[in-house]
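Q: I am new to this structure and would like to get to know one part of it well. Please choose a part and walk me through it slowly, in one connected account.

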Amino acid sequence: MALRVFNSLGREIQPFQPLEEGCVRMYVCGPTVYADAHIGHAMSAIVFDMIRRYLEYLGYEVTYVTNFTDVDDKIIDRARETEQDPFELAEHYTNRYLEHLRDLNVKEATEYTRVTTEMPNIISDINELGEAGYAYELNGSVYFRVLRDADYGKLSQRRLEDARAGTRVEEDLDKEDPADFALWKAAQPGEPSWESPWGHGRPGWHIECTSMCRHHLGDTIDIHGGGNDLVFPHHENEIAQSESLTGQPFANYWLHNGMMQLSGTKMSKSLGNLITIAEFLEDHPPDALRMVVFQGHYRKPVQFADDIVAAAERGLRRMRQGLRFTQGRTTVGSGADALRQATERARTDFRAHMDDDFNTSAAIASIFDLVRAVNTAQAADVGGLFMDAAQDTVRELMGVLGFTLEGPTEPDEESSGLVEPLIELLIETRSELRTARQFELADHLRDRLGELGIQLEDGPRGTTWQRNRA
């Protein structure tokens, strides 16, 4: 089965076929940097990091470009509130975001672009749109003529009348059509501005991504990504600008992730219901956020709650426990053969699920199946090459999803010196009870340890234990 993806342009599952054999050009919309990024921003970064990693796993060379909006109304307003220079403010939060991406094990982009460094290209593209009749100047600002774009609305599947009804009132009420949107905004007192053929000003929001895509990846790219809240108007307007400029399709595949929700409501700064990445990482390992995101489907909303994070952390502990060091002596026989088959099956199932529009929840389930097979084999004293291959496969496949699997699997060092001998003593006591045929007491001891999160496994070479195996 070859990779198939859900294309928001047309809203259907399609086979993935890149423009150039073996290569993928991919652009993902980044944040507006005026405050600390929240875990909703992290979700989008994690999703497209996973998509990139899987494409590379399939053998593609991926050129991955993402942007920072570092001049914008929100940045200017925040700088006024805090009495900071807007460029310094944007630079601070850009660096903070990059630091958080590293913490979350998000691979570094091939290129990070910023509005403030792309101004000559942006001005040139706006000028081209004007010369072709797609844009007009009004009071020092420039607007895109939506009526000139015959298939405007093809991504969001909105009629022009709906677009007009949903358009916020612009500063200029003399626009040719209410749906026309700003490519260039005339300078206002005290705001950052750049010189242009229309006077001093700054770009509108939508043109920046069009220019960055065109000048860093080409007229047509393979994948354009972002949150599904960007479909309209941002991505719709990107398509209108780009395809009017070049006469070519802007992106062959449009992929959109769902929103992170807290108590059923989308996280946003305006609602004040957000958790920053920094706040999350104070209390949880980075892998936990990936597990929360990937236990669902990337296109669907992700519910965020304490019990969901706790369940994700328990799952990660189970995963890491399957990687614990053992010295099994059995290298052949039914146990070893069953582990070999489980390893082969995990690879096949993982690939099939990921080829099905990046179905990470099913892919992770197939890895958990392998972890269970590893635990069963360890209890049967299986070791050697088959055990090494199985554990290496767990690490490899989880790595494709961006998991580090770093973190403790046992008690912390301060307490483990006391806890482990006590558990071993209880296991020895239980063994003596069984030898004395006091099975009821032995079973009671096993059950009480289970209630405390200690799982006992009886094997041919004695009893072993592990924590929190659900």
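A: Here is a walk through one sheet and its surroundings, with a few stops elsewhere at the end.

First, a word on what you are looking at. This is a predicted model, in which local features need pLDDT of at least 70 and side-chain atom pairs count only at pLDDT 80 or more, while totals for chains, interfaces and linings use all residues. Residues are numbered from 1 along each chain as its sequence is written, and side-chain values use heavy atoms, with hydrogens and water left out.

Helices (H or I, at least four residues) and strands (E, at least two) are DSSP runs, numbered from the N terminus. Two strands pair if DSSP finds at least two bridges between them.

Let us start with the sheet. Its five strands are arranged as β5-β4-β3-β10-β11, an open sheet with parallel pairing. At its edges are β5 (111-114) and β11 (251-257), each of which pairs on one side only. On average, neighbouring strands here are turned by 20° against each other, direction ignored. Axes are lines fitted to C-alpha atoms, for helices over the stretch in contact, and angles run from 0 to 180 degrees between N-to-C directions.

Now look at β3 (residues 23-28) and β10 (residues 221-227), which run parallel and are joined by three bridges. A good place to rest your eye is Tyr 27, which stands opposite His 224 in β10.

Helices pack on this sheet. Helix α3 (residues 86-103) touches β4 (61-68) and β5, and its direction makes about 160° with that of β5. Contact means heavy atoms within 4.5 Å. Helix α7 (residues 231-246) lies across β10 and β11, running at about 160° to β10.

Stay with β4 for a moment, as Thr 66 is found there. Thr 66 is buried, with a relative accessible area of 11%; buried means under 20%, exposed over 50%, and partly exposed in between (1.4 Å probe, protein chains only). Leaving aside its neighbours within four places in sequence, Thr 66 is in contact with Val 28, Cys 29, Gly 30, Ala 109, Glu 111, Tyr 112 and Thr 113. Ile 207 is 141 residues from Thr 66 in sequence, and their C-alpha atoms are 14 Å apart in space.

Next come the helix pairs. Two packed helices are described by the angle between their axes and the distance between the axes. Helix α2 (residues 73-82) and α3 have axes that come within 9 Å and cross at roughly 105°. The two helices are therefore roughly perpendicular to each other, where under 35 degrees counts as roughly parallel, over 145 as roughly antiparallel, 65 to 115 as roughly perpendicular and the rest as oblique. This contact is made by Ile 75, Arg 78, Ala 79 and Thr 82 of α2 and Pro 86, Leu 89, Ala 90 and Tyr 93 of α3.

On α7, the partner to find is helix α6 (residues 205-217): the two pack at an angle of about 50°, with their axes 8 Å apart. That angle makes α6 oblique to α7. The crossing of α6 past α7 is right-handed; a crossing is left-handed if the near helix is turned anticlockwise from the far one by less than a right angle, and right-handed if clockwise. Residues making the contact include Trp 205, His 206 and Cys 209 of α6, along with Pro 233, His 234 and Leu 245 of α7.

Two of these residues deserve a second look. Pro 233 has its place in α7, and a cis peptide bond joins Phe 232 to Pro 233, with omega about 5°. Most residues other than glycine have a negative phi, and most peptide bonds are trans.

The other is Cys 209, which is buried, with a relative accessible area of 1%. A disulfide is a pair of cysteine sulfur atoms within 2.5 Å, and the structure holds zero disulfides. Cys 209 is in no disulfide, and the nearest cysteine sulfur, that of Cys 29, is 3.8 Å away. Cys 213 is buried too, at 0%, and its sulfur is 7.1 Å from the closest cysteine sulfur, in Cys 209, which is too far for a bond.

Finally, two stops elsewhere. Asp 381 has a positive phi of about 70° although it is not a glycine, and Asp 381 is found in the loop between α12 (360-379) and α13 (385-400). Leu 405, also not a glycine, has a positive phi near 60° and lies in the loop between α13 and α14 (413-435).
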